[in-house]
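Morning, everyone. Please have the model open on your screens, and stop me if you lose your place.

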Amino acid sequence: MPRPLSTIAPEWWDYTTLDADLLADAARLTARDLEQLSRPGFEVVMYDTLEEFFLAEALEYIAAWRQATPDNPVGLCGPIGPTEQLPLVAQLVNALDLKLHDAHFWGMDEWCIDGREVSPDHPLSFERADRELCLDRIRPELVMADSNLHFPAADATAYEASWEGVRCALMQGGQGEVKHWAFNDPPRRCGQYADAPPTPAEYRALGTRQVELHPLTLIQNARTSGAGNIPLVPRHALTVGPKQTWLAEQVSIWHPGHHDNPFGVRLSALMISRGIADASLPMSLLADHPNVKFSYWRGGIKSCDTEMH
C-alpha cells in the first residue's frame, strides 16, 4: 500500500506519512509512559524544574571537555536550540578554572544563502550565537584556540576532516517540529524517493552538507528566533551529517517543551524505543545509534488532549 501524502506539505516526506496506528500510540503516551521507554542504548531522563534541566545540559559540556588532554583531544558537537544552557557553560568553565586548550567544539549547523554559509554578522547566525552566548564569555586564558572551533561551511572538507583524530564525546541538541536533529530534515518526495523515503542506511551515509529545509522547519525557526517573520529565515542550511553523528559516543537530545510540541516529543521517543527507523522522521534513525539519551522537563511534556483556543 502506498504511503499517504503529507498533510503539511504533500511534496515532502514527514511524520504525517507514518502509520496511523503508530501516531495514535504516541498521542496516548503519558509522562509516566515516556519514562518507561528506556531500553539498552536509549535512556529517558526527567527533570522537575527548568533550572535543573538547563544546568544538567550545561554540565554535559563540562563532563565532555574535562576529558581532553594533549594526547587525547576531546570535543563535543553543540546545538542552537535549546540555547539557555550556553551562558551556564561559560559560567561553569570560569568558576571551575577549567582550561579548554585541548578541548574542541563543533557547531552543528549554519544558514546558507546563495550556496554560501552566512557570516557571523547575520542576525540568525549560529556561529554568532555560539560565540556570544558561550565562547566569548569564557575567560581568555581558559578558552580553546580558534583552531579548535569548527563550524560548518559550504565547502565541508575542513569541517569533516576536523572529526579525524579528535574524539567526539557528545553530540547535544534539541528536536525540531519536523523531528530533526541539527538540520537533518526529511527530503522532498520526488525522483527516486517519490514512493518511499531514503532507507535508514542511505540516510545514515550522509555527511555534512547543504540541505533544503522542510516548510515546517522554516515556520518553526521563524517562530522561535524571528518573531514569526518567515521571510527572514533562509530556505537552505548546512548541517552536520549522520556520518558525523555516528562518530559521537553519545547523542543527547533535550526537550524543554518549547521547540517541538507534546505530540512530537512522544513520537520520536516511541519510535526509538521500539527500534522503528524511518527517514520521514529523521530523529527516529537514532534508534540504531548505540548510546542515545532524551532529557525532558516535566512541565513541558503536557498532554495530547484536544483543547480549543
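I'll go through the strands, then a helix, then the pockets and cavities. Keep in mind that this is a predicted model.

Let's begin with strand 3, residues 103-107. How many of its five residues are buried? Five of the five, so strand 3 is mostly covered under the 20% cut-off for relative accessible area. Look at the two faces. In a regular strand, side chains alternate between the two faces of the sheet. Here, Ala-103, Phe-105 and Gly-107 point one way. His-104 and Trp-106 point the other way. Both sets are buried.

Now the partners of strand 3. Strand 2, residues 74-78, runs parallel to strand 3, and five bridges join them. To find the register, put Val-74 opposite Ala-103. Between these strands comes helix 4, residues 86-96. Strand 2, helix 4 and strand 3 form a β-α-β unit, and the unit is right-handed. Strand 3 also pairs with strand 6, residues 149-150. That pairing is parallel too, over two bridges. The register there has Trp-106 opposite His-150.

Next, an open sheet. It has four strands in the order 5-4-9-8, with antiparallel pairing. Which strands stand at the edges? Strand 5, at 116-117, and strand 8, at 209-212. Each has a single partner strand, so one side of each is left without a neighbour in the sheet. Inside the order, strand 4 (residues 109-113) pairs with strand 9 (residues 236-239). Four bridges hold that antiparallel pair on the map. Glu-110 sits opposite Leu-238 of strand 9.

Stay with strand 4 for a moment, and bring in helix 8, residues 215-225. Which part of the fold do the buried residues of helix 8 pack against? They pack against strand 4. The buried residues are Leu-216, Thr-217, Leu-218, Gln-220, Asn-221 and Ala-222. After helix 8 comes Ala-227, with a positive phi near 55 degrees.

On to the pockets. The largest pocket holds about 540 Å³ of space. Its lining counts 31 residues. Nearest its centre are Ile-80, Gly-81, Thr-83, Phe-126 and Ser-225. Strand 4, helix 5 (126-133) and helix 8 each give two or more residues to that lining. Helix 5 gives the most, with five. By class, the lining has 13 nonpolar, 14 polar and four charged residues.

The second largest pocket has about 230 Å³ of space. It is lined by 14 residues. Asp-185, Pro-187, Tyr-203, Leu-206 and Arg-209 lie nearest its centre. Helix 7 (200-204) and strand 8 are the elements that give two or more residues here. Strand 8 gives the largest share, four residues. Remember that strand 8 is one of the edge strands. The class split for this lining is eight nonpolar, one polar and five charged.

Last, the closed spaces. How many cavities of 30 Å³ or more does a search of the whole structure find? Two. The largest has about 40 Å³ of space. Its lining includes Gly-174, Gln-175, Trp-254, Pro-256 and His-259. The classes there are three nonpolar, six polar and one charged.

The second largest cavity has a volume of about 30 Å³. Among its lining residues are Asn-261, Pro-262, Tyr-296, Trp-297 and Ile-301. Helix 10 (262-274), strand 11 (292-297) and helix 11 (298-301) each give two or more residues to it. This lining divides into five nonpolar, four polar and one charged. His-255, Gly-257, Asp-260 and Val-265 appear in the lining of the largest cavity, and they line the second largest one as well.

One residue to finish: His-259, from the lining of the largest cavity. Where does His-259 lie? In the loop between strand 10 (251-255) and helix 10. Is His-259 buried or exposed? Its relative accessibility is 13%, so it counts as buried, the cut-off being under 20%. Setting aside neighbours within four places in sequence, His-259 contacts Gly-81, Pro-82, Gln-175, Glu-177, Gln-220, Arg-223 and Thr-224. Two of those names came up earlier. Gly-81 is among the residues nearest the centre of the largest pocket, and Gln-220 is one of the buried residues of helix 8.

Technical notes: Residues numbered from 1 in each chain as written. Predicted model: local features only at pLDDT ≥ 70, side-chain atom pairs only at ≥ 80, totals over all residues. Heavy atoms only, no water. 1 Å grid on protein atoms, 1.4 Å probe; cavity = no way out; pocket = protein on both sides within 12 Å on 5 of 7 lines; lining within 4 Å. Points joined across faces, edges and corners; volume = space filled by probe spheres on them. Nonpolar A, V, L, I, M, F, W, Y, C, P; charged D, E, K, R; others polar. Buried < 20%, exposed > 50% of the residue type's maximum accessible area, 1.4 Å probe, protein only. Contact = heavy atoms within 4.5 Å. Pairing = 2+ DSSP bridges. Right-handed = clockwise from strand over helix to strand, strands pointing away.
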